[in-house]
Amino acid sequence: MDTNENVLSIYGLGGMQEIGKNMYAIQYGNEIVVVDCGNKFPDESLLGIDLIIPDIQYLVENQDKVKALIVTHGHEDHIGGIPFFLKKLNVPVYATRFTLGLIELKLKEHKLLRETELIEINADSNVQFEQMNVEFFKVNHSIPDCLGIVFRTPEGTVVHTGDFKFDLTPVNDQHSDIHRMAEIGKEGVLLLLSESTNAERPGLTPSEQMVGHHLEKAFNDAEGKIFVSTFASNVSRVQQVIHAAAKTNRKLALVGRSMVNVIGVAIERGYVTVPEGMLIDQQNINEHAPEKVVILCTGSQGEPMAALARLATGNFRGIDVLPGDTVILAAGPIPGNERNVTTIVDNLYALGANVIYGSGVTTGMHVSGHGYQEDLKLMLSFMRPKYFIPIHGEYRMLVQHRLLAEAVGVGPGHTFILKNGDVVDIAHQEARHTRKVPAGNTYVDGVGVGDVGNLILRDRKQLSEDGMLVVVLTMSKAKKDLISDPDTISRGFVYVRESEELLNEVNRRIKQTINELKEENKMEWKAIKQQIKKSVGEYVYSKTKRKPMIVPIIIEI
């Protein structure tokens, strides 16, 4: 269904009932403005998949209406899908100075930089489309230059908070613009979209300053080398590591591709200041005494190929974690990564390192960039929306956020908990959720985007669990007879030398199947293949309780 001219529609194509791949659309009449285009990382069930990005088929079908992509901040779950988006929809991209720096790194990699129109905005910018006017306000988060977005439409004002917390003593002096938020609320907000990551956690988010004090103490106590692993994008955290290194008179080396790239952008654009002569090259680490070095590396989420995982297994050329070294994990595990992180912590302990990890007051090496319940209630109290859509969270988080909204005065029934693709239409100040647009996941595997679907994943799952059995049949073209015995090749199913009896019986059954088909005069290739799959599959399952993929190959002579 096409919306009529005077309807305001809001929907998410990613980020609803999930953490990651955030993408939201605000549509008035024939104008669509897209907010964010992120990715998320696959779990173990998505074998071989590198990234998951939103399915943008609906936007491609309506591309004449898509006016712009506005980006709230530079985290992967908000910018990771942009290169794939721009290959299909070349629209202007609006983002802040630091965020644009990170987007440019991605576009360079995908060779898209020259074709893309990148427009720098800040909290005072104003972007005018035909029907919508867009303003911004500053929010505080765990990366510099974050914005909330205000859409002024003929129907009313829609606010998207971006990711936020209320840190009253931010390390980088990027304060949340509380006065501006209160003003926007006073003018009247028809609908608020607000993030829900920490909707289950009571209280207020601790300040980033807390991490600084803990880092300094750890640096003072450390005797050997210090390794600090955090998100490269958490520039405030990196700045605090630099302060602690300066106070303890240590040199700093950056290790890991994203750490070098992102901190490069941060230094070049003035978001990080490093004292003269502090930075050293990775190759020169061993030229300095261990107690004079700090190594800042990637891999705080346990990614197997990142620097920290390789250091923990002793597989990093030229850098070793030695007994007495200190390793600080200054980042909390994203849900789903806990097991990978604990494996790395175990490996580091086995190398004799002193490991400091975990958030909270005990170690204090990490505070969240997302607001807890009191932060979320504060935002709701500033904005006082008539309607509310919790976003950026799993289902239980969205439900918790709805309860918080009702506790501070959003009317019952005025909160919509949506799935990706669900649309809220607002006309004459009345909001209704009655329709959907297509939405889903697009899988990126190597250079392929969207070419791996559920059928291929199902095959990969079967291959990974039970292996495969290839049956090669050499047949006469004229007589449709078997010329020689079937050749059976096992991969990941059984060890051939120990299973001769099983495979001999498989071959006997194949011959029997072909004879039966010949008697019934059903010698088409398709019928032969189907029947072999069926009879071999049933026999193999009865003997081994496994279901390998059976691939019959017929060679005609």
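In this predicted model, His-392 is in contact with Gly-15, Glu-18, Ile-19, Asn-22, Tyr-24, Asp-77, His-78, Asp-163, Glu-195, Ser-196, Thr-197 and His-370, leaving aside neighbours within four places in sequence. His-392 sits in the loop between strand S19 (385–391) and helix H12 (395–407).

Asp-163 lies in the loop between strand S11 (156–160) and helix H5 (178–187). Not counting residues up to four places away in sequence, Asp-163 touches His-73, His-78, Val-139, Asn-140, His-141, Glu-195, His-370 and His-392.

The table sets out the two residues.

| Residue | Relative accessibility | Side-chain polar contact |
|---|---|---|
| His-392 | 3%, buried | Asn-22 side chain, 3.4 Å |
| Asp-163 | 3%, buried | His-73 side chain, 3.4 Å |

Both residues appear in an unreviewed UniProt entry, which places the feature "binding site" at His-73, His-75, Asp-77, His-141, Asp-163 and His-392. These positions are spread over 320 residues of sequence but cluster in space, with a largest C-alpha distance of 14.3 Å. From this set, His-141 is part of the lining of the largest cavity.

The model also holds an open sheet of eight strands in the order S7-S6-S5-S3-S2-S1-S20-S21, with mixed pairing. Strands S7 (118–120) and S21 (430–436) are at the edges; each has a single partner strand, so one side of each lacks a neighbour in the sheet. On average, neighbouring strands of this sheet are turned by 25° against each other, direction ignored. Helix H4 (residues 97–109) packs on the sheet and touches strands S6 (93–95) and S7, with its direction at about 165° to that of S7. Strands S1 (residues 8–14) and S2 (residues 23–28) run antiparallel and are joined by six bridges. Tyr-11 stands opposite Ala-25 in S2.

Notes: Residues are numbered from 1 along each chain as its sequence is written. This is a predicted model: local features need pLDDT of at least 70, side-chain atom pairs count only at pLDDT 80 or more; totals for chains, interfaces and linings use all residues. Side-chain values use heavy atoms; hydrogens and water are left out. Two strands pair if DSSP finds at least two bridges between them. Helices (H or I, at least four residues) and strands (E, at least two) are DSSP runs, numbered from the N terminus. Axes are lines fitted to C-alpha atoms, for helices over the stretch in contact, and angles run from 0 to 180 degrees between N-to-C directions. Contact means heavy atoms within 4.5 Å. UniProt positions are given in the numbering used here, feature names are shortened, and annotations may be inferred rather than shown by experiment. On a 1 Å grid over the protein atoms alone, a cavity is a set of points where a 1.4 Å probe fits but cannot get out, and a pocket is an open set with protein on both sides within 12 Å along at least five of seven lines; lining residues have an atom within 4 Å of a point. Buried means under 20% relative accessible area, exposed over 50%, partly exposed in between (1.4 Å probe, protein chains only). A polar contact is a pair of N or O atoms within 3.5 Å; within protein, one must be able to donate a hydrogen and the other to accept it, and residues adjacent in sequence count only if both atoms are side-chain atoms.
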